[in-house]
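Work through the two exercises below with the sequence and the model at hand, and try each task before reading its solution.

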Amino acid sequence: VQRFTKAEIDWDDLEAQLIAGDLGVKLSMQIVEDLQAQARKLHDVDIVEVTKKHIRALLPAYTTPLPPLISGKPKVVLVVGVNGTGKTTSTAKLANFLKKRGNSLVLAAADTFRAAAVEQLEVWSKRVDVPLVKGPPNADPAAVCFDAYTSAAARSAQFLICDTAGRLHTRHNLMEELRKVQRIVGKKDPTAPHEVLLVVDATTGGNALQQAREFHKAVPLTGIIATKLDGSGKGGVVVAIQQELGIPTRFVGTGEQVDDFAPFNADTYLDQML
Amino acid sequence: MLSLLQEKLEGAFKKLRGHAKISESNISESMREIRMALLEADVDFKVAKDLIENIKTKALGEEVLRTVSPSQQIVKIFHDEMVELLGRETAPLDLGQPQRILVAGLNGAGKTTTSAKLALLLKKQGKRPLLVACDVFRPAAVKQLAVLGESIGVPVFQPSPDEKDAVRAAQQGMEWVKQQGGGIAIYDTAGRQEVDDELLAELVKIRESLQPQEVLLVADAATGQQAVSVAKTFNDSIKVTGLILTKLDGDARGGALLSMKQVTGCPVKFVGVGEKMEQLEVFHPDRMAQRILGM
Ligand SMILES: Nc1nc2c(ncn2[C@@H]2O[C@H](COP(=O)(O)OP(=O)(O)OP(=O)(O)O)[C@@H](O)[C@H]2O)c(=O)[nH]1
Ligand SMILES: Nc1nc2c(ncn2[C@@H]2O[C@H](COP(=O)(O)OP(=O)(O)OP(=O)(O)O)[C@@H](O)[C@H]2O)c(=O)[nH]1
Ligand SMILES: [K+]
Ligand SMILES: [Mg+2]
Ligand SMILES: [Mg+2]
């Protein structure tokens, strides 16, 4: 991105950069318009820095980590999203993240549909050394989560993280299945699930906003995990999700290894985008 | 029923009534709408720009036909241009020697599922497909292919759990195929980001070992502006012969395909329309053009 002084701001180039970051055409144009309106006040400034600051203001000042419940009951975290975004990997990464901070956890292998999804999480559970609860083949995911809750409570675990099957937001019956998971864990603890994290692939374009809308309707989301930020995708759509739905990005995935994971930091994120 | 885009264009063309020709000035608003539509469908910024230039050139000077409205006419020019870009003909798989199909793409794009789907398709055509698992990296990736292979009754080569080298796994797979008496072998590789030079180099080595007649790049229909970089880098390093777009059963417009097609010049061979094994379809440029246009 070129850096311009007031006299020579190339607005088209700026808009192109924002669109290239997958912020979406509407949001990109909106940002450029806002900045143009401010332009009178801008004097020999670095437009890139101004833009970052502008987007920074659209994002939350800080994202809350996941504190354990005060009640001493397991905090239930559902990990959801469309196919292949990185749910299973992120479940393992999050478990590792929480464990390293001294928390005890149980994982639920609630993707009972995809070939070898349970085995995949099983490998991860061994690697991060966290117990896993699974059901028989083709088990009802809600039943798996129910059993996993029982196990987590018996172990006095602070967290139960449920890895769910990938599903397109357009599949009504599969979205219903998620609601059932939500309902069933709610029978164990009416305040559960406490966190519903949507895993968004940073490679995704505008469709991620639609994904977020639909998942949010089915199971109210509390946060986003943006994955694959190590790729060339900038994941700008999380800004659009924040803007429209007010759902903050909580964590980022930056690789296939378990430590390639961190709480979302808006400054780092924006430095990589522009 | 009018498409969303056409509806927008109707508005832009209200003022055109009475004009005999489409002119630079009276289509500028429509071109803006079209640009928006393309970008909203995740078509690459530059690809969209070039496309619009082409449409403009074609549209300018064209007689406004009496039978259709100017907006319909523009949409048609636009639609035809897209179909042209996407490739008029549907391209079949090259099943010639050495009968090796390499499947590659970004993480989670749908390679393993698509590999198995392709195997089923070939099996139904009376061919003898074989599956070779070369993803020795992702947890249970080999198992995933093995389960899918079993479900469709296609033999799967599973490298030893200790094998950590994907190139060696591919080579062992070739040996295994020979032992099996040959067949059309589909090699499923690990997902990787195109900016990861090390992993890309590994893929290049696999390609060199296999010398496949088909190298298929599998991409998610919801891919955003990264599409150009992905397609370009994969194509530059492993010379792609065909594209497969997955997850078209969702509502992603799939504009990324236009960019990928444009950058590689490779035909789109199939599209994935579900998680089930039989949910792989032949690509229809016409339907895809309509989808990207939001029609
Ligand atoms: N480069 C990179 N790859 C990632 C990241 N997170 C996940 N992956 C990879 O993305 C692919 C899909 O990850 P999974 O965790 O299996 O995705 P999923 O959402 O559970 O997939 P389904 O359950 O099939 O819907 C795998 O190859 C992962 O290794 C990341 O942050 N960076
Ligand atoms: N809805 C839908 N899901 C699909 C389609 N193709 C693949 N999937 C799903 O997408 C997810 C990822 O598919 P995989 O085949 O594991 O993807 P991959 O590219 O092999 O992933 P890695 O090897 O981890 O990079 C799985 O949940 C598949 O079931 C499709 O056409 N439609
Ligand atoms: K990135
Ligand atoms: Mg999974
Ligand atoms: Mg795979």
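For what follows, a residue counts as near a molecule if one of its heavy atoms lies within 4 Å of it. The model is predicted.

**Exercise 1.** Determine where ligand 2 lies with respect to the chains, and which residues surround it.

*Solution.* Begin with the location: ligand 2 lies between chains A and B. Next, list the shell, in which 23 residues are found around the ligand, with G110(B), K111(B), T112(B), T113(B) and E275(B) coming nearest. Sorted by class, this shell has 4 nonpolar, 11 polar and 8 charged residues, and helix α5 (residues 111–124) of chain B gives the most to it, with 4 residues. Then look at individual atom pairs: an oxygen atom of ligand 2 is 3.2 Å from an N or O atom in the side chain of N83(A), an oxygen atom of the ligand is 3.4 Å from an N or O atom in the side chain of K117(B), and a backbone N or O atom of V273(B) lies 3.4 Å from an oxygen atom of the ligand. Finally, consider the area: taken alone, ligand 2 exposes 650 Å², of which the protein buries 95%.

**Exercise 2.** Trace the strand order of the open sheet in chain B, and explain why one side of β3 and of β8 is left without a neighbour.

*Solution.* The 8 strands of this open, mixed sheet follow the order β3-β2-β4-β1-β5-β6-β7-β8. Strands β3 (156–157) and β8 (280–282) of chain B stand at the edges with a single partner strand each, so one side of each has no neighbour in the sheet. Turning to one pair, β5 (residues 214–220) and β6 (residues 242–246) of chain B run parallel and are joined by 5 bridges, with L217(B) opposite L243(B) in β6(B).

How values were computed:
Residues are numbered from 1 along each chain as its sequence is written. Chains are lettered from A and ligands numbered from 1 in the order in which they are written. This is a predicted model: local features need pLDDT of at least 70, side-chain atom pairs count only at pLDDT 80 or more; totals for chains, interfaces and linings use all residues. Side-chain values use heavy atoms; hydrogens and water are left out. A polar contact is a pair of N or O atoms within 3.5 Å; within protein, one must be able to donate a hydrogen and the other to accept it, and residues adjacent in sequence count only if both atoms are side-chain atoms. Accessible areas come from the Shrake-Rupley method with a 1.4 Å probe; for residues, only the protein chains shown count as cover. Helices (H or I, at least four residues) and strands (E, at least two) are DSSP runs, numbered from the N terminus. Ala, Val, Leu, Ile, Met, Phe, Trp, Tyr, Cys and Pro count as nonpolar, Asp, Glu, Lys and Arg as charged, and the others, Gly among them, as polar. Two strands pair if DSSP finds at least two bridges between them.
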